[in-house]
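Let's walk through some charged side chains together, one question at a time. Have a look at the model first.

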Amino acid sequence: MSNRNGYGSAVTLPGDPPGGRRAALVWGVGVAVYFVAVIFRTSLGVAGLDAADRFDVNASALSTFSILQLLVYAGMQIPVGLMVDRLGTKKVLVLGVVLFTVGQLGFALSPSYGTALASRALLGCGDAMTFISVLRLGSRWFPARRGPLIGQVAALFGMAGNLVSTVVVARALHGLGWTTTFVGSSLAGVLVLVLLLLFLKDHPEGYEPQPAPHAGAAYVRRQIAESWREPGTRLGMWVHFTTQFPAMVFLLLWGLPYLVEAQGLSRSTAGTLLTLVVLSNMVVGLAYGQIIARHHAARAPLALGTVAATALLWGTTLAYPGDHAPMWLLVTLCLVLGACGPASMIGFDFARPANPPERQGTASGIVNMGGFVASMTTLLAVGVLLDATGDDYRIAFSSVFVLEALGVAQILRLKARTHRRERERLVASRVEAVHVPV
């Protein structure tokens, strides 16, 4: 069975990277970069109320911080995928680290709302270059059969970065203040830049990818068109779109204000619930990675099941009679939101077998764009609806259901076509493996 097509197998074909300790160390450097990027990305989630006071802005203006950051991130996904396919992982990661570190430092020192917005945009640009690069790095250093687990472990370390935001950054803000906290955190970017320059390599020796012909705009158009033509790429994008954004919106900006202002919790208790989302994400991510690596057919049921559970708990919490939902329901909601991130990673498991190695970066960029477009749209909708309704979170948070319905419809439309194409590739790969030219 061909690992190039992304199916779990104990067979390692010629040309498949060997993995091993060296691969884990090199890949670990890339994961460390992603870890720091997520800390920077999610630091606003615990600083939202502080930012509103510091820059004297309302809910819509506050949401603009995250919306602009995600707009830049989503808009960069396809260009970054093309850059990774053409330039390799190390060069793109170096540029990304420089950009998101400067952005975090600029945010720490911004004297006004406008300069703070520009800093978050710069941070989003650098952040956009990390995850696709880490996925590409994993595919270059580990056998393809490890792809689902490697992707989930990378996401797990990203959530560990989110945990640092909800615990360390939140406490530092109250103990050290805005400027000291954000300037101090930017030093982590300098550290990973040094590690990156010293230790990261694009691929193991002897496993250099075949040079791809580059013909300017024609090459770009061909990469995007051929990736998009694959139903697995489009299905992956819609899976990412539908599963990721509820937890992203909750963690990135609106979770803490909702729990404090709508549910009457203290900031400490609200921070604990956000931490619960992150911890649940880490546990569920390992479980999903193991399940999909062993049972490829579990991808769609896991994704759709996560969407259904999220919608059920989200709706139950919003519709609960009375002023505040009980703690057990809020805890359950946060546990279920923890599954959204791992479910979004399933999108890459649809795109990976649909595209050859030379298109993996571009296809991953298309997939990764999905969830961030959904998150950006919902962040804006929640902010506008809060201002329009006098901070009615029930109405504002109901906007989540519109995007979930759209995404589920697209997933159901593309699922059968993707499975049919995968079966065709599987048959072809078996024939290729058996009929080896002498």
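Q: How many salt bridges does a search of the whole structure find?
A: This is a predicted model. In general, side chains of opposite charge can pair when their charged atoms come close. Searching the whole structure for such salt bridges gives a total of eight.

Q: How many residues apart are Arg267 and Asp50, the two partners of a salt bridge?
A: Their side chains meet with N to O at 3.0 Å. Arg267 sits in helix H10 and Asp50 in helix H1, so this pair links distant parts of the chain. The separation is 217 residues.

Q: Is Glu422, the salt-bridge partner of Arg299, buried or exposed?
A: The closest N and O atoms of Glu422 and Arg299 are 2.6 Å apart. Glu422 lies in helix H16 and Arg299 in helix H11, so the pair ties together parts that are 123 residues apart in sequence. Buried means under 20% relative accessible area. Glu422 has 7% relative accessibility, so it counts as buried.

Q: Which residue is linked with Glu230 and Arg421 in a network of salt bridges?
A: Glu230 and Arg421 form a salt bridge, with their closest N and O atoms 3.1 Å apart. Glu230 is buried at 10% relative accessible area, while Arg421 is partly exposed at 29%. The residue that joins them in the network is Glu424.

Q: Is Arg41 in helix H1 buried or exposed?
A: Arg41 touches several residues beyond four places away in sequence, including Asp127, Arg120 and Phe372. Its relative accessibility is 5%, so Arg41 counts as buried.

Methods:
Residues numbered from 1 in each chain as written. Predicted model: local features only at pLDDT ≥ 70, side-chain atom pairs only at ≥ 80, totals over all residues. Heavy atoms only, no water. Buried < 20%, exposed > 50% of the residue type's maximum accessible area, 1.4 Å probe, protein only. Contact = heavy atoms within 4.5 Å. Salt bridge = Lys/Arg side-chain N within 4 Å of Asp/Glu carboxyl O. Helix = DSSP H or I, 4+ residues; strand = E, 2+ residues; numbered from the N terminus.
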